[in-house]
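Trainee: I would like a close look at one helix and its surroundings. Please take me through the packing, the charged pairs and whatever else bears on them.

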Amino acid sequence: MGSSNSYLTTILILLTLTSIARASQAEELTLLIDDYPPYIDKSQENQGFWSEMVILAFERVGIQARLLYKPWGRVEREIDGANQVSFGWVKDSKRLKNWYFSKTISTGTAGFLSKKSSDISWLTYEDLRQYKIGKTIGYSFGDEFKKWEPMLNIQRVPEDRQNIQKVLIGRIDLFVTEIASAAMLIREHLTEAEKNSLGFITSPALPAWTAHLVCSKEYEKCPYYINKFNQGLKVLTQQGIKQKIIKQINSLK
């Protein structure tokens, strides 16, 4: 009896050691990103909704993902320089030419933030030429907006909060932004009076966007990471986890 127990104990120890060894051999991947609350948020335990989804998707296929935060402009340059993977990016013609894109992480809508007292409305991009428009560096709002950017009075800054403040103090007339992200920043950082002074212009609608994991076509392992992520995302969908995270995102809009 004692011999049998000793044998079982040895087997259990060997199984545990094997499990630990496999865990220690798990592939690691560093993802370059920047803050984009509520989707990517280093102040939160899950680092934001997209971050949670991406980390879990890679985990499902045996890859341990860690996030490294840098300014969005620098992240984009480093992706172009190859050997880097990132997420949260929207498709446009330039990026489609240079990068591979994963399956969709989530979708969203964009519009303009303005002071309600300005009573701004527009129908065509030509109408926007008379306004000072704030834009956050690294963000894309589709090919049509990008085509018009050289003809518009665009002022670029690194962070969304800077653009919101510029709208409040009248430095810009409009801030082109993703609605849920800007709405969360407004709720968390502005006074009631400031909140009530602002409004979103969502008609006519800017193109709906889809967010993706990306890497450069020049990066040899890019197709591998895109395929692995897509596999993991499929597992999360089958498990209902992706849908739960998307539901949390939608509740903020």
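Mentor: What follows starts at helix α3 and then moves outward. Keep in mind that this is a predicted model.

Take the helix itself. Helix α3 covers residues 72-80. Its buried residues are W72, G73, V75, E76, E78 and I79. What do they pack against? The buried residues of α3 meet two kinds of partner, strands and a helix. The strands are β1 (27-33), β3 (85-90), β4 (99-101) and β11 (209-216). The helix is α4 (93-98). After α3 comes A82. The phi of A82 is positive, near 75°.

Now the charged pair within the helix. R74 and E78 form a salt bridge. Their closest N and O atoms are 3.0 Å apart. Why is the spacing in sequence of interest? R74 and E78 sit 4 residues apart in α3, so about one helical turn separates them. The two partners have their own settings. R74 is partly exposed, at a relative accessible area of 40%, whereas E78 is among the buried residues of α3.

E78 has another neighbour, K70. The loop between β2 (63-69) and α3 holds K70. Is K70 buried or exposed? Its relative accessibility is 17%, and the cut-off for buried is under 20%, so K70 counts as buried. Setting aside residues up to four places away in sequence, K70 touches L32, I33, D34, V75 and E78. V75 and E78 both belong to the buried set of α3.

E76 is another charged residue of that buried set. It takes part in a network of salt bridges. The other members are D92, R95 and K146.

Which other salt bridges deserve a look? The count for the structure comes to 13. One of them joins R129 to E126, with the closest N and O atoms 3.6 Å apart. Both ends are partly exposed: R129 has a relative accessible area of 41%, and E126 has 42%. Another joins the side chains of K147 and E144, at 3.6 Å from N to O. K147 and E144 lie in helix α5 (residues 143-148). They are 3 residues apart, about one turn of that helix. E144 is partly exposed, with a relative accessible area of 37%.

Next, the disulfide. How many are there? A search of the whole structure finds 1. It joins C215 to C222, with an S to S distance of 2.0 Å. The link is right-handed, with 90° about the S-S bond. Both cysteines, C215 and C222, are buried. C215 also falls within the residue range of β11 (209-216), one of the strands that the buried residues of α3 pack against.

Last, a buried strand residue for comparison. V176 lies in β9 (residues 174-178). Its relative accessibility is 0%, so V176 counts as buried. What does V176 contact? Beyond its neighbours within four places in sequence, the list is G111, F112, I133, G134, K135, F141, F145 and L206. Take G111 from that list. V176 and G111 are 65 residues apart in sequence. In space, their C-alpha atoms are 5.8 Å apart.

Back to the helix to close. α3 has a buried set of residues that includes E76 and E78. E78 pairs with R74, and E76 joins the network with D92, R95 and K146.

Definitions and conventions. Residues are numbered from 1 along each chain as its sequence is written. This is a predicted model: local features need pLDDT of at least 70, side-chain atom pairs count only at pLDDT 80 or more; totals for chains, interfaces and linings use all residues. Side-chain values use heavy atoms; hydrogens and water are left out. A salt bridge is a side-chain nitrogen of Lys or Arg within 4 Å of a carboxyl oxygen of Asp or Glu. Buried means under 20% relative accessible area, exposed over 50%, partly exposed in between (1.4 Å probe, protein chains only). A disulfide is a pair of cysteine sulfur atoms within 2.5 Å. Contact means heavy atoms within 4.5 Å.
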